[in-house]
Amino acid sequence: MKQSQTRSKLKLILVGGGHAHIHVMHQIRQLQPLADVLLISPAREQLYSGMASGFVEGIYQAGDITFDLASICEQMQIHWVRGRVCDINADAQVVSVDNGETYPYDVLSLNTGS
């Protein structure tokens, strides 16, 4: 039997579009047969933290180290929600977002920075 006949896909939620989640998104094609992926981030654009020191030194401009999360999600077939997670109910495996929506998950990854 195929996996889709035996069980539904895992629900993977990525909270934040930071450095670690960019690597997960890069590998998303390997995950898609197994998981539906949702990225929740308060901003459409994200600064790539790996290049922040070069920006501070004046080597890069803001546009050089900024990427569009919504566009990347669209290209990778990842669902994107603009918002901030305001509650995580680990027992119910649900996150609540400041837009009033709640999203169930099987796997939750937090990459919200310091």
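Start by selecting Ser 41 in this predicted model and look at what surrounds it. Skip the neighbours within four places in sequence, and Ser 41 is in contact with Gly 17, Gln 46, Leu 69, Trp 80, Val 81, Arg 82 and Gly 83. Try showing those residues as sticks.

Is Ser 41 buried or exposed? Its relative accessible area is 2%, so Ser 41 counts as buried, because the cut-off for buried is under 20%. Now colour the stretch of chain it belongs to: Ser 41 lies in strand E2, which covers residues 35-41.

**Next stop: the pocket**

Keep Ser 41 selected and add Gly 16, Pro 42, Asn 111 and Thr 112. Of the 16 residues that line the largest pocket, these five, Ser 41 included, are the closest to its centre. The pocket itself has a volume of about 260 Å³. What kinds of residues make up its lining? By class, you'll find 10 polar, five nonpolar and one charged.

**Over to a sheet**

Hide the sticks, switch to cartoon and select residues 85-89, which are strand E6. Then add strand E7, residues 94-97, and strand E8, residues 102-104. Together the three strands form an open sheet, in the order E6-E7-E8, with antiparallel pairing. Which strands sit at the edges? Those are E6 and E8, each pairing on one side only. Turn the view until you can look along the strands: on average, neighbours in this sheet are turned by 20° against each other, if you ignore direction.

Zoom in on E6 and E7. Four bridges join these two strands, which run antiparallel. For a single spot to check, pick Ile 88 and look across to E7: what stands opposite Ile 88 there? You should land on Val 95.

**Zoom out**

Finally, show the whole chain. How many helices and strands does the protein have? Count along and you should get five helices and nine strands. Walking from the N terminus, the elements come in this order: α-β-α-α-β-β-α-β-α-β-β-β-β-β.

Rotate the model a few times to get a feel for its dimensions. Along its principal axes, the C-alpha trace spans about 55 × 30 × 20 Å. Ser 41 has buried company: 29% of the protein's 114 residues are buried.

One last thing to look for is how distant parts of the chain meet. Among contacts with a separation of 6 or more, 58% are between residues 24 or more positions apart. You can go back to Ser 41 for an example of contacts along the chain: Trp 80 and Gly 83 are among the residues it touches.

Note on methods:
Residues are numbered from 1 along each chain as its sequence is written. This is a predicted model: local features need pLDDT of at least 70, side-chain atom pairs count only at pLDDT 80 or more; totals for chains, interfaces and linings use all residues. Side-chain values use heavy atoms; hydrogens and water are left out. Two strands pair if DSSP finds at least two bridges between them. Axes are lines fitted to C-alpha atoms, for helices over the stretch in contact, and angles run from 0 to 180 degrees between N-to-C directions. On a 1 Å grid over the protein atoms alone, a cavity is a set of points where a 1.4 Å probe fits but cannot get out, and a pocket is an open set with protein on both sides within 12 Å along at least five of seven lines; lining residues have an atom within 4 Å of a point. Grid points are joined across faces, edges and corners, and a volume is the space filled by probe spheres set on the points. Ala, Val, Leu, Ile, Met, Phe, Trp, Tyr, Cys and Pro count as nonpolar, Asp, Glu, Lys and Arg as charged, and the others, Gly among them, as polar. Buried means under 20% relative accessible area, exposed over 50%, partly exposed in between (1.4 Å probe, protein chains only). Contact means heavy atoms within 4.5 Å.
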